[in-house]
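Here are some exercises to work through with the structure open beside you. Try each task before you read its solution.

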Amino acid sequence: MTMVQEKKIKKIFYIVLAGSLLVFWASVFLTHYNSLQLYVWKPGSSFYDFFSCLKENIYWNRKEIYQGDTIYPPLANFFYMFITRFMSIDTLKQLETLTDYNKIKALQECSLYFVLYCSVTLLAYFMILTSWKKGSKLEKNVFTAAMLFTIPFLYQFERSNIIFVALIFTMLFFLWKDSQNRWLRVLAYCSLAIAAGIKIYPAIFGFMILKEKKWKETVGLVIMGVAVFLIPFIFFGGFENIFYLLQNLKNTSGSFSATRIGCQLDYTTILKNLFSFVGGNCVFIANVLKVTFALLGIWAVSGLRDRWKVTLLLTCLLIGLPSISYVYSAIFMIIPIVEYLDSGDKKKWDVLYLVGMLLVMIPLPFVWMEGAGDKYYSYMHVTTPMWVEGMSIVIMTVLLIGEGIGAFLRKRKMPFAIVILAAIILISAFLNRSGYNVPYAYTDYLSKTVSDWLEVQDGDSITQSFTAETEHVRYAVIKIKPTESGSLTITLKENGNGKLITETLLDMKELSSGYNQILTEGCEVIPGKRYILEIGVKCEKEEKVKLGRTIEYLDTGEEMFGKNGEMLNGALGIQFYEN
């Protein structure tokens, strides 16, 4: 690609970026915020990640934090615990007891430190990015400012997630890692270790050092990373909490990956929607492909020649591989964009990758009114923008893997490479063998997702109505945290006359914590007729069973959800499989 062509492409990039943002903000004005609502979290919990982490990390409760459900590495929790040490005892006592996050936000000290956090991180972002990005002063400032108004950054600001801090330290790594100054290179490796200690997945950029065959630096980086991850456990009750963290990650990842589908960019969410036409098997296919992408992606890194392509592939893997990968994880896409724009080593067709990166970042100039009237639409559905972003990441991953492995094969013997490829596919299938024909949970019933828990105890009765769409209910799936003993009585009746359709007794010991099938024998129903599913609870008096439920504000039409005869808002987290 000639210098003239590169300048033309860069000019087109800034025109498209600026134009899309101007059109988008005009649409926000014209649609009274609806077009922006399509890209952010459900209303009512803005800045939740910052304030909830403050509440969880009050310093005198630090030893018990991992016995809860936190999934943050200890370095991230240490950051918030450090802030609480600057707060008064009276405020901390209020923070500990308050459950309404709007009241927590109203606490003066909490709000003050939130503003300081935003100010410091934005200042650091501007200073680092303008130092790293090449070009004129005008170009640096325009690029740095414009990126803040792209979709992943807006989502991150609305959540106030610490991922922004992880990005800042990752950018420091890219700023200094090739410096002639030895100590700046050391600081670069420390920065990447800190970024990984905050969010784990930036560690994938360590493969860049390995690719460059810097063996001593690679070993040093690994030691730094392990140290930064482990040492902060000292402040949270000791190293035994590592096992609690791993268990929390496993439980939360499994739960969130099957819910909140409207705001995730991970490979599993995107691919199981792509292959949804095969039914429950789409989960198996998606998981096999995810593992295949991981193994082939690391292999492909060794074959890619252009550094910006290596960075782009690692960034796609960073976004796609985690089980929980919300929209804000795409803020890391700014790194390969910078490297692409500043690189002089590009081919004619490489502009396709720039298009893909833009589609991940910029708002679409259409679908302004998608989900209009439903404030929770973007939280509970795979929206058109989310689909475009996710598929862009998948397509770029496939293209880069193909390019990298293709370059590798041209240098190595074909039979050897074929054996490796076959082994990777077999390993991927083996690791996901138990996922075959797993129900694709929570996408049919009311087209909504599970968000919370309903606690019930011995003698309670939970009811949920539904209107049959076909003549046969094969089974139902419910999310539950059972007790160690007791049972659930599942009854299906006709609405109105109470005619019994089927009844099943489930032993708590046979239920797992998570998704469980009920009504396994199936039953005949009448299309268009309403039925009542009733769950009776029997357990020890002091024990409580948790049942998944949707957000309370969900509009379920004429369907009814209740506990002991009292109607509740929202719906029970259950999916009925009919044919």
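**Exercise 1: A charged pair beside a strand**

Glutamate 494 is buried, its relative accessible area being 11%. This is a predicted model, so please read each value below as computed from it.

*Task.* Find which residue forms a salt bridge with glutamate 494, and say where each of the two lies.

*Solution.*
- Step 1. The partner is lysine 529, and the closest N and O atoms of the pair are 3.8 Å apart. The cut-off for a salt bridge is 4 Å, so this pair counts.
- Step 2. Glutamate 494 belongs to strand β4, while lysine 529 sits in the loop between β7 (523-524) and β8; the pair therefore ties together parts that are 35 residues apart in sequence.
- Step 3. Lysine 529 has a relative accessible area of 27%, which makes this residue partly exposed. Glutamate 494, at 11%, is buried.

**Exercise 2: The sheet around β4**

*Task.* Work out the order of the strands in the open sheet, and explain why β5 and β11 each have one side without a neighbour.

*Solution.*
- Step 1. The sheet has six strands, and their order is β5-β4-β8-β2-β10-β11, with antiparallel pairing.
- Step 2. β5 (500-507) and β11 (566-567) are at the edges and each has a single partner strand, so one side of each is left without a neighbour in the sheet.
- Step 3. Now look at β4 (residues 487-494) and β8 (residues 530-538): eight bridges join these antiparallel strands. One place to check is threonine 489, whose bridge partner in β8 is glycine 536.

**Exercise 3: Two salt bridges across the sequence**

*Task.* For lysine 10 and for lysine 133, name the salt-bridge partner. Then decide whether each of the four residues is buried or partly exposed.

*Solution.*
- Step 1. Lysine 10 pairs with glutamate 139, with 3.6 Å between the closest N and O atoms. This pair links distant parts of the chain, 129 residues apart: lysine 10 is in helix α1 (residues 3-30) and glutamate 139 in helix α8 (residues 137-147).
- Step 2. Glutamate 139 is buried at 13% relative accessible area, whereas lysine 10 is partly exposed at 23%. The dividing value is 20%, with buried residues under it.
- Step 3. Lysine 133 meets aspartate 342 in a salt bridge of 2.8 Å, N to O. Lysine 133 lies in the loop between α7 and α8, and aspartate 342 in helix α18 (residues 334-342), so parts 209 residues apart in sequence are tied together.
- Step 4. Here both partners are buried: lysine 133 has a relative accessible area of 1%, and aspartate 342 has 17%.
- Step 5. For the wider picture, the count comes to 20 salt bridges. Lys177, Asp178, Glu212, Lys214, Arg307 and Glu339 are linked in a salt-bridge network.

**Exercise 4: A threonine in α7**

*Task.* Which residues does threonine 130 touch, leaving out those up to four places away in sequence?

*Solution.*
- Step 1. Locate threonine 130 in helix α7 (residues 108-132).
- Step 2. The residues touched by threonine 130 are Lys140, Asn141 and Thr144.
- Step 3. Within the chain's own neighbourhood, a polar atom of the threonine 130 side chain lies 3.3 Å from the backbone oxygen of methionine 127.

**Exercise 5: A nonpolar surface patch**

*Task.* Which residues form a nonpolar patch on the surface together with Leu210?

*Solution.*
- Step 1. Leu210 is joined by Phe207, Trp215 and Ile298, and the patch has about 350 Å² of accessible area together.
- Step 2. Leucine 210 has its place in helix α12 (residues 206-211) and is partly exposed, with 34% relative accessible area.

Key. Residues numbered from 1 in each chain as written. Predicted model: local features only at pLDDT ≥ 70, side-chain atom pairs only at ≥ 80, totals over all residues. Heavy atoms only, no water. Pairing = 2+ DSSP bridges. Helix = DSSP H or I, 4+ residues; strand = E, 2+ residues; numbered from the N terminus. Patch = residues over 30% accessible without salt bridge, like charges linked within 9 Å, V, L, I, M, F, W, Y side chains within 5 Å. Areas by Shrake-Rupley, 256 points an atom, 1.4 Å probe, with all protein chains shown as cover. Salt bridge = Lys/Arg side-chain N within 4 Å of Asp/Glu carboxyl O. Buried < 20%, exposed > 50% of the residue type's maximum accessible area, 1.4 Å probe, protein only. Polar contact = N/O pair within 3.5 Å; in protein donor to acceptor, adjacent residues only side chain to side chain. Contact = heavy atoms within 4.5 Å.
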